Amino acid sequence: MAKISILLVGLWVLGSWTGLLDAEYMKYKDPKQSIDTRVEDLVSRMTLEEKIGQMLQIERKYASADLVKKYFIGSVMSEGGSVPAPQASAETWIDMVNEFQKGAVSTRLGIPMFYGIDAVHGHNTIYKATIFPHNIGLGATRDPELVKRIGAATALEIRATGIQYTYAPCIAVCRDPRWGRCYESYSEDPKLVQAMTEIIPGLQGEIPDNLPKGVPFITGKEKVLACAKHYVGDGGTINGIDENNTVIDRDGLMRIHMPGYFNSISKGVASIMVSYSSWNGEKMHANQDLITGYLKNTLHFKGFVISDFEGIDRITSPPHANFTYSIEAGVSAGIDMFMNPKLYIEFIEDLTMLVKNKFIPMSRIDDAVRRILWVKFMMGIFETPFADYSLVRYLGIQKHRQLAREAVRKSMVLLKNGESADKPLLPLPKKVPKILVAGSHADNLGYQCGGWTIKWQGVSGNNLLKGTTILAAVKNTVDPDTTVVYKDNPDAEFVKSNGFSYAIVVVGEHPYAEMHGDNMNLTIPDHGPETITNVCGAIKCVVIIISGRPVVIEPYVGSIDALVAAWLPGSEGQGVADVLFGDYGFTGKLPRTWFKTVDQLPMNVEDPHYDPLFPFGFGLSTKPTKGFYSE
């Protein structure tokens, strides 16, 4: 009997030690294991509460380390313009992100969170960051390799603030410039949009030859997770109304709006964001056929699908009218992570109920969590969850500003140059007695950058941004003996009576984002037309249009000597002067059709009624002049 007791005690001790050893060795914590092995091991250990937490992305204003820990939150984010402090330093951002991370890694299983932000033309929310041209301007460059370098520079600046995830690129194919997000689209042409997905390996890193294409890939602490958006048809809504209905047959959807996703997936994009819009009346956030059936099962997308900001709320009209229904519809459609900034406790309670009552199978929850965890293991965040200060130095560095300047000059599209080819106005001479610079956009960095800059809707003025206005760029470029006079909206008498050699007029749209930019008339705001008329009616002038899309310009073209589409060039206005004065030649080509009147819209290349003011792909060229003051 004693021998049996000793034997039983021995077995118990051995079992206990084995249990302890098991507890000490968890496969998911071992970086030597395959990602698949780590994911399966971790999922097998998770409770439903822990799984649902991973599926949530909440806004920083409603988050804390304690809340992240309590609810096992998988991700935290900044909505447009949401910052830890006004003009916060990179170090302040890192401290905030790391504080949230402390909450995440102190949970039972220690699953790190990642932080998301809209870095859509550089790290555009951050004070002193480099602001690159918006996508419409990058489309005009026709230069995917340049866009890839911009992706790499943007990734460095994002990591400089401790953030690991950007909601970019927008691969919308904008088919109607009345849409307020048209500047976020590279082009009306799906082939050009496909080419510009080269920003993804810039942001995330190149997939090595020994890894399969189409699997989410991110390499090292200098890269970030990318997000192709908005799936699918966001740029095709009726009359360009934001978040509205895209009416098109399946063939058209596949031919125009889907191709960018083929390239994004093959380049290893980590996430895809669903569009607020509908396709033929069905909300994309509830479209199981296109999210699960096509994106996951046909295209074999292996990353995670994320909702837009409160995206499932808008499945119903009015939004949030039946949140339980919206959650069931969104989860069942195949969305994996939910940007649910504020009402996340309600989300947790409702989704828990839906799973426990078998309205949503556990297999669907496990699919979502596997995808999120797979990306987290791939990005190495389990091994290095905390950001350090070693990359702070990259924020807004001169090398990135030079890259942005290169992008600006390559994005400039010359639409008119003199009354005839043998009498061009550009390049402008640098050495003349006196130049007039006029217009609301000549000395305004906020206007120059557009929406999604510092704040969601953008800003005005020069106080919140670091960069070079077009006025400053002109002054930097001309001969030291040349006088430059700036007047916002001069009258015709002033222009005529001051002995100006020529004038540079800079006018355009004021900043906007999303539905606030929807515009049915597309006229240049006051006093832009008046400035053009007063100046160009009196002396030789070049007009530079700062806008997120083509605008009504036909009534003024006859009086304008030279016309430049400068899009939304960002912080480095020196790139505009580079081509105006001939240090570099104009090379940009229209990424979208320039209409005569809004009555023609929508009008895209290859349409039967195609009758543009300037056609898709148009752009005059100039040769650089190696003058005395050239670079």
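Contact here means heavy atoms within 4.5 Å. I start with that because the word is needed for what covers a helix in this structure, which is a predicted model.

Helix 7 comes first. Helix 7 covers residues 144-159, 16 residues in total. From its first C-alpha to its last it reaches 23 Å, close to the 22 Å expected at 1.5 Å a residue. Its buried residues include Leu146, Val147, Ile150 and Gly151, and further along Leu156, Glu157, Ile158 and Arg159. Among the elements that cover those buried residues are helix 6 (135-141), strand 4 (165-166) and helix 8 (190-196). Helix 9 (199-204) and helix 16 (398-411) also belong to that cover.

Next, the sheets. One is an open sheet of three strands in the order 5-7-10, and its pairing is parallel. Strand 5 and strand 10 (304-306) are the edge strands; each has a single partner strand, so one side of each has no neighbour in the sheet. On average, neighbouring strands here are turned by 25° against each other, direction ignored. Strand 7, residues 271-274, is joined to strand 10 by three bridges. One pair to look at is isoleucine 272 with its bridge partner in strand 10, valine 305. Helix 11, residues 259-266, packs on this sheet and touches strand 5 and strand 7. The direction of helix 11 makes about 155° with that of strand 5.

Staying with strand 5, residues 227-231, we find tyrosine 231. Is tyrosine 231 buried or exposed? Its relative accessibility is 0%, and the cut-off for buried is under 20%, so tyrosine 231 counts as buried. Leaving out residues up to four places away in sequence, tyrosine 231 touches a list of residues that includes Met258, Tyr261, Ile272, Met284 and Leu295. Val274 is also one of the residues it touches; the two C-alpha atoms are 4.5 Å apart, although 43 residues separate them along the chain.

A second open sheet has three strands in the order 6-8-9, with mixed pairing. At its edges stand strand 6 (245-246) and strand 9 (282-283). Strand 8, residues 278-279, runs antiparallel to strand 9, and two bridges join them. Tryptophan 279 stands opposite glutamate 282 of strand 9.

Last, a helix pair. Helix 10, residues 250-257, packs against helix 12, residues 288-298, at an angle of about 65°, and the axes are 14 Å apart. The crossing of helix 10 and helix 12 is right-handed. Helix 10 contributes Arg250, Leu253 and Met254, while helix 12 contributes Asp289, Leu290 and Tyr294. Of these contact residues, four are nonpolar, two are charged and none is polar.

Key
Residues numbered from 1 in each chain as written. Predicted model: local features only at pLDDT ≥ 70, side-chain atom pairs only at ≥ 80, totals over all residues. Heavy atoms only, no water. Pairing = 2+ DSSP bridges. Helix = DSSP H or I, 4+ residues; strand = E, 2+ residues; numbered from the N terminus. Expected span 1.5 Å × (residues − 1). Buried < 20%, exposed > 50% of the residue type's maximum accessible area, 1.4 Å probe, protein only. Axes fitted to C-alpha atoms, helices over the stretch in contact; angles between N-to-C directions. Left-handed = near helix turned anticlockwise from the far one by under 90°. Nonpolar A, V, L, I, M, F, W, Y, C, P; charged D, E, K, R; others polar.
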